Each structure stands twice: as structure tokens, then as C-alpha cells.
Amino acid sequence: MKSDKLLSFSLMPSSVISTALSVAVSVAISATLVAPEGAFAASQDAAPAKTAKAKKATKKVAKAEPTAGKKAAETRTVAAKEDDARPVAKKHRVAYTMNGRHHSAMRRVAFEPRQPTVGQAFGLHETPDSLMLRSGVAYVVDQNTLEPLFDKNSHAVVPIASISKLMTAMVVLDSKAPLSEPIEVTDEDRDYEKNTGSRLSVGSVLSREDMLHIALMASENRAAAALSRYYPGGRPAFIAAMNAKAKQLGMTDTHFENSTGLTSHNVSTARDLVKMVNAAYQYPMIRQFSTDRSYDVFTGKRNLAYNSTNALVRNASWDIGLQKTGFINEAGECLVMQTTIHNRQVIMVLLDSSGKYSRFADATRVRTWLDNGGADQQPRITSADAGGPGT
């Protein structure tokens with residue numbers, strides 16, 4: 001009888017055996033992945049219990065020693081604040097493939113809230129405005145007359161992130177370097193400050209023109225870094241040229257330390273950025289590259305398809321002549337544009353916006369306000385930093 005069972009097992013199809021083994025292994029891996037979740041949850045449940053015991057002990061000490069009551073209360077307050085500051089546990093789905101089949105399991109991970117931007121730290125978002133913008137800084141001017149149409153904290157000096165690439169583009173074009181010259185990405189072009197990634201791998205080779213194109217349209221950081229390294233005199237000379245150009249344009253509250261904007265030390269004001277946008281608008285190539293919706297490049301290794309970082313350029317209802325987006329944690333979401341609204345050419349600067357799409361929503365609010373004749377009824381919105389009470 002026993003030999004018959006063994007014989008029947010040996011005659012089973014190999015595919016059935018393989019499937020059975022695959023299921024067994026999958027169950028084992030799922031148990032391993034899910035186990036930490038239970039352990040984490042248990043530790044979370046244990047922590048409040050331990051804290052509760054500690055609080056009870058503190059209360060007993062406070063009753064036994066009345067003179068130390070105030071100190072005990074302070075201790076409990078600090079402990080409560082520390083508990084509130086702890087990372088919030090969130091679930092994260094882990095996926096894996098076994099024997100050609102896709103499996104997944106849930107694990108609990110710690111989430112740490114993002115640090116406040118410079119604008120948030122200095123209370124720029126507390127300035128009221130009639131449009132209820134999510135941007136801490138907003139400045140809109142008539143491009144032809146430079147008359148301010150909307151003003152919210154336009155004097156504030158804040159990080160500008162990749163808005164810096166407009167200045168990078170002007171310095172590159174001012175150098176008159178051959179646009180067809182090949183430029184290679186090296187380790188020196190990696191981001192060692194923010195540790196951001198890039199689709200341009202080390203060893204990629206593009207023409208100067210293609211590097212400029214994807215730096216403006218898709219905010220490709222390694223492209224901007226490589227452009228500065230290939231400048232006559234190298235990167236230090238390029239940064240010096242950026243600051244010299246800013247001084248030439250009358251941007252008195254602006255300073256640059258790199259060509260990408262991946263540093264909080266690239267700072268400016270909305271008023272200075274209007275000058276930079278207006279100057280960049282005089283370069284036809286910057287207008288074209290910054291407003292392209294998509295562009296493909298060949299790196300010498302593979303083809304890469306890039307898309308614009310600004311969703312508004314794909315919206316047919318907008319007439320955008322130049323644009324640039326920017327983001328780092330210290331700067332928040334940023335956007336500058338030259339656009340035509342209600343038959344009027346305007347320059348729009350939105351800095352330190354909170355929320356991934358809030359800068360685009362703010363731009364739409366401003367456009368709606370202008371379309372409805374807001375600037376004609378109330379030509380200037382006075383911000384708190386302009387000496388008014390704010391509106």
C-alpha cells in the first residue's frame with residue numbers, strides 16, 4: 001500500500017508539483033512579510049501601556065511630594081509633546097514575484113512629516129489675500145508697463161529651487177558656446193546635496209542644445225549641472241556669471257550658488273524674479289524649450305522621452321509664452337510664467353506653495369480674477385510686507 005502511494009506521487013505531472021511548491025513558498029514568504037506588521041503593532045500597543053504606567057507613577061510621586069508637583073506637571077507635558085511628535089505609522093504594500101506570479105503583502109512603516117518651508121517658518125502663509133492663494137508669495141505684473149496687479153509678500157527673500165534654471169539658460173546662451181557640442185554626464189554632475197536621482201545616467205552624452213532643452217522643459221538637474229561644468233572656466237566661473245547677470249538685471253536681492261537650484265542658498269524675491277522672467281523672455285530658444293510639452297533625446301545608450309513639469313502647458317485654454325517650475329523642501333512648490341490673460345501680457349510669480357498641484361490651482365485663480373476684471377476694479381492688492389494691513 002505504501003509503495004503504491006509513492007508510485008502515484010512519482011507519476012504526478014511535474015507542473016503540478018512545481019505549482020504546489022510555489023504555493024508553499026509563497027505562503028511562507030507572505031507569513032515572513034506580514035510578521036513584522038504584527039510585531040510593530042504589538043510594540044505600538046505596548047508603548048501607550050508603558051506610558052500610562054509612567055504617568056500613574058508620576059502622579060503618585062506628585063501626591064507624595066507636593067513641593068515637586070509643578071516639576072511633575074512639566075515632565076508630563078514634555079512627555080505628551082514627545083508622544084505627539086513621534087512618526088505616525090502607515091501601511092506600505094510590498095510586492096514580489098514568485099514563479100512568474102505576482103504577490104503582495106502589507107507592512108507597517110513609519111512616516112515622518114515634512115519640515116516646514118522657509119516661507120512657512122517665517123509666517124508668509126499667514127498673510128491674508130483676497131484670492132485665498134496657497135502660495136506664501138505671489139506677484140503678478142503687467143509685462144508691458146510692469147504695473148503690479150497682485151502683490152503678496154513680493155519683497156520676501158526665499159529659496160527659488162529650479163526657477164534658477166532660467167538664469168542657467170541665459171548664461172549658457174550668452175556664452176555663445178556651440179549648441180551642437182557634445183556634453184557628457186560625469187560623477188561631478190550627481191546631486192550630493194539632496195541626493196536626488198536622474199534619468200541621465202553617468203556616461204550619457206547629449207548636445208549642449210539637448211541638455212538645455214530638457215533642463216528647461218523637464219527640469220533635468222544633471223543636464224543643468226553638466227552645462228555649468230562645460231562653461232569656460234568651469235563651474236565656479238559659471239556661478240560667478242549667474243550672479244553677475246543677476247546684478248546686471250538689477251536683481252539686488254538674488255544670489256546663486258549652483259546651476260540646478262538644488263540648494264536653499266539660491267534665493268530671490270518675487271520682484272527680482274519678474275526681472276529675470278522678463279529678461280529670459282527675450283531669448284526665443286528659452287521661450288520655445290520651456291513651453292514644449294515633450295521632447296525625446298538619445299543619450300548614446302538609449303532613447304529617453306521627457307515631458308514638461310508644468311501641466312498648464314498641456315492645457316489649450318492657456319497661452320503661455322515662458323514658464324519654469326521648481327521644488328525643494330525649503331522652497332515649496334514654485335512657478336513663474338509669462339502668459340496672456342484677458343488680452344494682457346502678464347508675468348506671474350508664485351513661490352512657496354503648499355501641495356503638489358496648488359501652484360497650478362493658484363495660477364488658475366489669478367487668471368480667473370484677471371478674466372473677471374479684478375485688476376481693473378482693484379489694480380493692486382497690497383501685501384503685508386508693502387506696509388499695508390493685508391487684504
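**Figure 1. A salt bridge joins Glu-330 and Lys-194.** In this predicted model, the side chains of Glu-330 and Lys-194 meet with an N to O distance of 2.6 Å; a salt bridge is a side-chain nitrogen of Lys or Arg within 4 Å of a carboxyl oxygen of Asp or Glu. Glu-330 lies in the loop between strand S11 (320-328) and strand S12 (332-341), and Lys-194 in the loop between S6 and strand S7 (205-207), so the pair ties together parts that are 136 residues apart in sequence. Helices (H or I, at least four residues) and strands (E, at least two) are DSSP runs, numbered from the N terminus. Glu-330 is partly exposed at 24% relative accessibility, and Lys-194 is likewise partly exposed, with a relative accessible area of 27%. Here buried means under 20% relative accessible area, exposed over 50%, and partly exposed in between (1.4 Å probe, protein chains only). Residues are numbered from 1 along each chain as its sequence is written. Local features need pLDDT of at least 70 and side-chain atom pairs count only at pLDDT 80 or more, while totals for chains, interfaces and linings use all residues; side-chain values use heavy atoms, with hydrogens and water left out.

**Figure 2. Further salt bridges connect separate parts of the chain.** The structure holds 11 salt bridges. One of them pairs Asp-129 with Lys-152, whose closest N and O atoms are 2.8 Å apart. Asp-129 belongs to the loop between helix H4 (118-121) and strand S3 (135-142), whereas Lys-152 is in strand S4 (residues 148-152), 23 residues apart. Both Asp-129 and Lys-152 are buried. Another salt bridge, at 2.8 Å from N to O, is formed by the side chains of Glu-181 and Arg-208. Because Glu-181 lies in the loop between helix H5 (165-174) and strand S6 (182-184) and Arg-208 in helix H6 (residues 208-217), this pair ties together parts that are 27 residues apart in sequence. Glu-181 is partly exposed at 29% relative accessibility, but Arg-208 is buried with a relative accessible area of 3%. Asp-189, Arg-229 and Arg-235 are joined into one network by salt bridges that share partners.

**Figure 3. Helices H7 and H8 pack against each other.** Helix H7 (residues 221-229) and helix H8 (residues 234-248) meet at an angle of about 100°, with their axes 7 Å apart. H7 is therefore roughly perpendicular to H8. Axes are lines fitted to C-alpha atoms, for helices over the stretch in contact, and angles run from 0 to 180 degrees between N-to-C directions; those under 35 degrees count as roughly parallel, over 145 as roughly antiparallel, 65 to 115 as roughly perpendicular and the rest as oblique. From H7, Ala-225, Ala-226, Leu-227, Ser-228 and Arg-229 are in contact with Gly-234, Arg-235 and Phe-238 of H8, contact meaning heavy atoms within 4.5 Å.

**Figure 4. Five strands form an open antiparallel sheet.** The strand order is S4-S3-S13-S12-S11. S4 and S11 stand at the edges, each with a single partner strand, so one side of each is left without a neighbour in the sheet. From one strand to the next, the twist averages 10°. Two strands pair if DSSP finds at least two bridges between them. S3 pairs with S13 over 7 bridges in the antiparallel sense, and Ser-135 has Ser-353 in S13 as its bridge partner. Helix H9 (residues 270-280) packs on the sheet and touches S3, S4, S11, S12 and S13; its direction makes about 130° with that of S13.

**Figure 5. Strands S3 and S4 form a hairpin.** The two strands pair in the antiparallel sense over 4 bridges, with Val-140 opposite Phe-150 in S4. The hairpin has 5 residues between its strands, and Leu-146 in the turn shows a positive phi of about 60°. In S4, 5 of the 5 residues are buried, so this strand is largely enclosed by the rest of the structure.

**Figure 6. Gln-338 and its surroundings in strand S12.** Gln-338 is buried at 2% relative accessibility. Leaving aside residues up to four places away in sequence, Gln-338 touches several residues, among them Gln-143, Val-277, Tyr-281, Asp-319 and Ile-347.

**Figure 7. Asn-195 and His-342 have positive phi angles.** Asn-195, which is not a glycine, has a phi of about 60°. Asn-195 lies in the loop between S6 and S7 and is exposed, with a relative accessible area of 61%. For His-342, also not a glycine, phi is about 55°. His-342 is placed in the loop between S12 and strand S13 (344-353) and is partly exposed, at a relative accessible area of 47%.
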